[in-house]
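Subject: Handing over the model

Hi there,

Here is the structure I promised to pass on. Please have it open while you read the notes underneath.

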Amino acid sequence: MRADADWMAAAIALSQRGRPEAAPNPNVGCLIVKDGRVVARGWTQAGGRPHAEAMALAAAGDAAHGATAYVSLEPCAHASARGPCCADLLIAAGVARVVVAAQDPDPRTDGQGIARLRAAGIAVDSGLLIGEAQAAMAPWWSRATRGRPFVTLKLATSLDGCIAMADGSSRWITGAPARAHAHLERARHGAILVGRGTFAADAPTLDVRLPGLASRSPQRLLLTHGDAPDGWTALAAPDAVDALPIDSLLVEGGAGAAAAFLAADRVDRLLLYRAPILIGAGRRALGDIGLGDLAGAHGRWRPADSRMLGSDRIDVYERIRKE
């Protein structure tokens, strides 16, 4: 089981290469392992095809026969004009065993892929590192199970919770490593949003300025009751994002937009970048989020990660939800 967990962790890590380009399909990772070594690997390609299993099996060739496939999401079982289903591909390749992390919530598969593999005499183990697999495909999972995008809120603050000086100047609160990390986050999201105040004050481009990732700049959204300029999409309220053909949204600023998404309980993940500086009489990170009493603030967030980025610290929190 330890070896299975290690191989599955590697498959889940591999699945991250498909974010966000695999949309609207899930970003899945697949390893083909035989005699204790990886003979092939695959992840969902841009636009959703080829699937991870198809990519890995094509690379493995005859070596897939008798091997074990580690897949972060149940192999699909439904027919598509874009290619054969992955359950049938695994059967045709002659794999001996398939280890699955998460069962596919899509009703066209939802257990049918596993059932088809077992009916063909292939040993199947399911549920290994399911939480990690769901987290790795959180944008798609949110759209598939809740009908809305996965929303990340980014805040870059001083130690005393300010996002800018009193006059609005904010370049730069954090250092270069933290800003590079923030650009990587942009590249992993389908869309990015700021409020009208931030747009007017900073004229942000919201592009990805990392070598090799410029093409991954997300769609630009503006939270406003008015019109958006060319190249931008206007959203009147946080829930309006549900109708857009995206699975993930990064909310970057400012305090009004951040507060609006928190008040609407639409934030699933919080990125808090903190610089080792004090500003004092500056602009606060958040406006009113509709909190009625202090007790209501507790039990809503759990820490997911914390690390240093140069002299700055990033803390990642995930929203605790009952569904």
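Below are the notes, taken sheet by sheet and then loop by loop.

First, the ground rules. This is a predicted model, where local features need pLDDT of at least 70 and side-chain atom pairs count only at pLDDT 80 or more, while totals for chains, interfaces and linings use all residues. Residues are numbered from 1 along each chain as its sequence is written, and side-chain values use heavy atoms, with hydrogens and water left out.

**The annotated domain**

UniProt, in an unreviewed entry, lists residues 2-125 as "domain: CMP/dCMP-type deaminase"; positions are given in the numbering used here, the feature name is shortened, and such annotations may be inferred rather than shown by experiment. Over residues 2-125 the chain is 31% helix and 23% strand, with the end C-alpha atoms 14 Å apart. Helices (H or I, at least four residues) and strands (E, at least two) are DSSP runs, numbered from the N terminus.

**The five-stranded sheet**

Five strands form an open sheet in the order 2-1-3-4-5, with mixed pairing; two strands count as paired if DSSP finds at least two bridges between them. Strand 2 and strand 5 are at the edges with a single partner strand each, so one side of each has no neighbour in the sheet. On average, neighbouring strands here are turned by 15 degrees against each other, direction ignored (axes are lines fitted to C-alpha atoms, for helices over the stretch in contact, and angles run from 0 to 180 degrees between N-to-C directions).

Tyr70 is a good place to start looking. In strand 1, Leu31 stands opposite Tyr70 of strand 3, and these two strands pair in the antiparallel sense over four bridges. Tyr70 also stands opposite Val99 in strand 4, where five bridges join strand 3 to strand 4 in parallel. Val99 in turn stands opposite Asp125 in strand 5, and strands 4 and 5 run parallel, joined by four bridges. The chain goes from strand 4 through helix 4 (residues 112-119) to strand 5 in a right-handed β-α-β crossover. Strand 3, helix 3 (residues 86-93) and strand 4 also make a right-handed β-α-β unit. Right-handed is used when, with the strands pointing away from the viewer, the path from the first strand over the helix to the second runs clockwise.

How covered is strand 4? Five of its six residues are buried, where buried means under 20% relative accessible area, exposed over 50% and partly exposed in between (1.4 Å probe, protein chains only).

**Helix 1**

Helix 1 (residues 2-15) has 14 residues, which at 1.5 Å a residue should span 20 Å, and its end C-alpha atoms are indeed 20 Å apart; the expected span is 1.5 Å times one less than the number of residues. Its buried residues are Asp4, Ala5, Met8, Ala11, Ile12, Leu14 and Ser15. What covers them includes strands 1, 2, 3 and 4 as well as helix 5 (130-136).

**The eight-stranded sheet**

A second set of strands, eight of them, forms an open sheet in the order 10-9-8-11-6-12-15-14, again with mixed pairing. Strand 10 and strand 14 (301-309) stand at the edges, each with a single partner strand, so one side of each is left free of a neighbour in the sheet. Neighbouring strands are turned by 25 degrees against each other on average, direction ignored. Helix 7 (residues 176-187) packs on this sheet, touching strands 6, 8, 11, 12, 14 and 15, and its direction makes about 160 degrees with that of strand 12; contact means heavy atoms within 4.5 Å. Strand 8 (residues 191-195) pairs with strand 11 in the parallel sense over four bridges, and Val194 stands opposite Gly253 in strand 11.

**Loops to look at**

Gly253 also takes part in a cis peptide bond to Gly254, with omega near 0 degrees; Gly254 lies in the loop between strand 11 and helix 9 (255-263). Another cis peptide bond joins Arg19 and Pro20, with omega about -5 degrees, and Pro20 is in the loop between helix 1 and strand 1.

Leu129 has a positive phi of about 55 degrees although it is not a glycine. Leu129 is in the loop between strand 5 and helix 5, partly exposed at a relative accessible area of 22%. Asp265, in the loop between helix 9 and strand 12 (269-274), has a positive phi near 55 degrees and is partly exposed at 28%.

Best wishes
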